[in-house]
Amino acid sequence: MCKASTVATAKAERLLNLVIALVNSPRFRSAAWIREKVAGYLDAPTEEAFFRTFERDKTELRDLGIPLQTAPDGADGYRIPPGEFALPELTFTPAETAALGLAARLWETTALAGAGATALRKIRDAGGVAGSTDEDLSQAVAAANLLQPRVRTGDPAFAPLFAAVRSGRAVAFDYRKRAGEAAEPRSVQPYGLVSFKGRWYLVGFDADRSARRTFRLSRIGGDVKATGRAGAVRTPDGLDLLAEVADSVEPSALATADLLVRPGRGAGLRRSATVAGTSTAGPRAGWDQLHLPYAHLWDVARTIAGLGSDVVVLGPADLRNAVIRLLTGAQSEPTDHLPERLPEDALPALIEGGYRR
């Protein structure tokens, strides 16, 4: 992720945190309370920097139409009245409810199955259908069941797999694990289809390998053939399809960074780290020792390097060397295959425990 994108994401998170804190507050909150309690403000290095950021955020919230109030008589305090920041009551016509019911049928085959069913039930229980009775709502949902949901996708395997998931039938197809490799035949009991980061995936039980597997639809070649009788395949109870895809597509943590972090700094790192203790010796006595799992070496190295002297990398060696390389302005392109240690004469004082601006 580029630096501009990272900054924009951090700003959006900070504004959202501020809105949540102030709209749920029964009283006006002071600027000091906001800096201490609202995630995103504690990273400000000085009071002046905090107030500059806070003033910009207040202006942006008001420009967005959020009713940010200040305490009367010039007192230091802020809040967002819940009554002025609530959406109007939502209502749906019978036709709109039928469309929701149709969407819910599609969700049944995805990771949104539980959320879709819950949402539709809440709409029904809240009486959110304009000018209709419970009977009207039931008829609208029943009408949706007469329709067939359609999803636009360029993967030719989607339609037969969707049909197989709905009917509970096993499928057979040719699949290549990586681009350029020869396709291999697979026999799969399909559990569901998931859209993840712009791609469609099938989660199912691979009969040939006797294990649950995830298949990217774009790597399925040839025709998908339904096999066996309808209703033979049942999705295991409690299976989280989205988590299954995410675990198989995104790499798990490769290593754990051992860091010393200055108290009150590195809030972004702390969200994903665990505190292992406090340093008791040396010039960094009192600093927090954190264990940070990470999957991508250079991503976490850039994050750490951006914190400068507030973070010291104790290990592993490849991460420490990557941070040093970034801080010393190495000209060559980074790779994931650095030597375990760089030459001593190429390293600044960070070798002994910390980069100094």
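**Exercise 1. Identify the residue with positive phi that follows helix H11, and then establish how far H11 is enclosed and which elements cover it.**

Step 1. In this predicted model, helix H11 is followed by Gly-329, a residue whose phi is positive and lies near 70 degrees.

Step 2. Turning to the helix itself, which spans residues 317-327, one finds that Ala-317, Leu-319, Arg-320, Asn-321, Ala-322, Val-323, Ile-324 and Arg-325 are buried, where buried stands for a relative accessible area under 20%.

Step 3. Because eight of the 11 residues of H11 are buried, the helix is largely enclosed by the rest of the structure.

Step 4. The cover over these buried residues includes strand E8 (255-261), strand E10 (288-294), helix H10 and strand E11 (311-315).

Step 5. On the other side of the helix in sequence, Pro-316 lies in the loop between E11 and H11, and the peptide bond that joins Gly-315 to Pro-316 is cis, with omega at about 0 degrees.

**Exercise 2. Describe the packing of H10 against H11 by its angle, its handedness and the character of the residues in contact.**

Step 1. The axes of H10 (residues 297-305) and H11 (residues 317-327) come within 9 Å and cross at roughly 55 degrees.

Step 2. An angle of that value makes H10 oblique to H11, since it falls in neither the range under 35 degrees, the range over 145, nor the range from 65 to 115.

Step 3. The crossing in which H10 passes H11 is right-handed.

Step 4. From H10 the contact draws on Leu-297, Trp-298, Val-300, Ala-301, Arg-302, Ile-304 and Ala-305, and these meet Asp-318, Leu-319, Ala-322, Val-323, Arg-325, Leu-326 and Leu-327 of H11.

Step 5. Sorted by character, the residues of this contact comprise 11 nonpolar and three charged ones, with no polar residue among them.

**Exercise 3. Compare the salt bridges Glu-48 to Arg-52, Arg-186 to Asp-206 and Arg-212 to Glu-244 by their place in the chain, and give the accessibility of their residues where a value is available.**

Step 1. As background, side chains of opposite charge can pair when their charged atoms come close. A salt bridge is counted here when the side-chain nitrogen lies within 4 Å of the carboxyl oxygen, and the count by this rule comes to 13.

Step 2. Glu-48 and Arg-52 form a salt bridge with an N to O distance of 3.2 Å, and both belong to helix H3 (residues 47-63), where they stand four residues apart, about one turn of the helix. Glu-48 counts as exposed because its relative accessibility is 56%, whereas Arg-52, at 45%, counts as partly exposed.

Step 3. Between Arg-186 and Asp-206 the closest N and O atoms are 3.0 Å apart, and this pair links distant parts of the chain, with Arg-186 in strand E4 (residues 184-196) and Asp-206 in strand E5 (residues 199-206), 20 residues apart. Both partners are buried, Arg-186 with a relative accessible area of 5% and Asp-206 at 0%.

Step 4. The side chains of Arg-212 and Glu-244 meet at 3.1 Å, N to O, and they too connect distant parts of the chain, Arg-212 lying in strand E6 (residues 211-216) and Glu-244 in helix H8 (residues 241-249), 32 residues apart. Arg-212 is partly exposed, its relative accessible area being 38%.

Step 5. Salt bridges with shared partners also join Glu-184, Arg-186, Asp-206 and Arg-209 into one network.

**Exercise 4. Place Ser-210 and Ala-119 in the structure, and state whether each is buried, partly exposed or exposed.**

Step 1. Ser-210 is located in the loop between E5 and E6, and its phi, near 55 degrees, is a positive value in a residue other than glycine. With a relative accessibility of 57%, Ser-210 counts as exposed.

Step 2. Ala-119 belongs to helix H5 (residues 113-126) and is partly exposed, with a relative accessible area of 35%. Its C-alpha lies 9.4 Å from that of Leu-100, and the two residues are 19 apart in sequence.

**Exercise 5. Summarise the protein as a whole by its secondary structure, its burial and the sequence range of its contacts.**

Step 1. The secondary structure comes to 11 helices and 11 strands.

Step 2. Of the 357 residues, 36% count as buried.

Step 3. Among the contacts with a separation of 6 or more, 58% are between residues 24 or more positions apart.

Definitions and conventions
Residues numbered from 1 in each chain as written. Predicted model: local features only at pLDDT ≥ 70, side-chain atom pairs only at ≥ 80, totals over all residues. Heavy atoms only, no water. Axes fitted to C-alpha atoms, helices over the stretch in contact; angles between N-to-C directions. Helix = DSSP H or I, 4+ residues; strand = E, 2+ residues; numbered from the N terminus. Left-handed = near helix turned anticlockwise from the far one by under 90°. Contact = heavy atoms within 4.5 Å. Nonpolar A, V, L, I, M, F, W, Y, C, P; charged D, E, K, R; others polar. Buried < 20%, exposed > 50% of the residue type's maximum accessible area, 1.4 Å probe, protein only.
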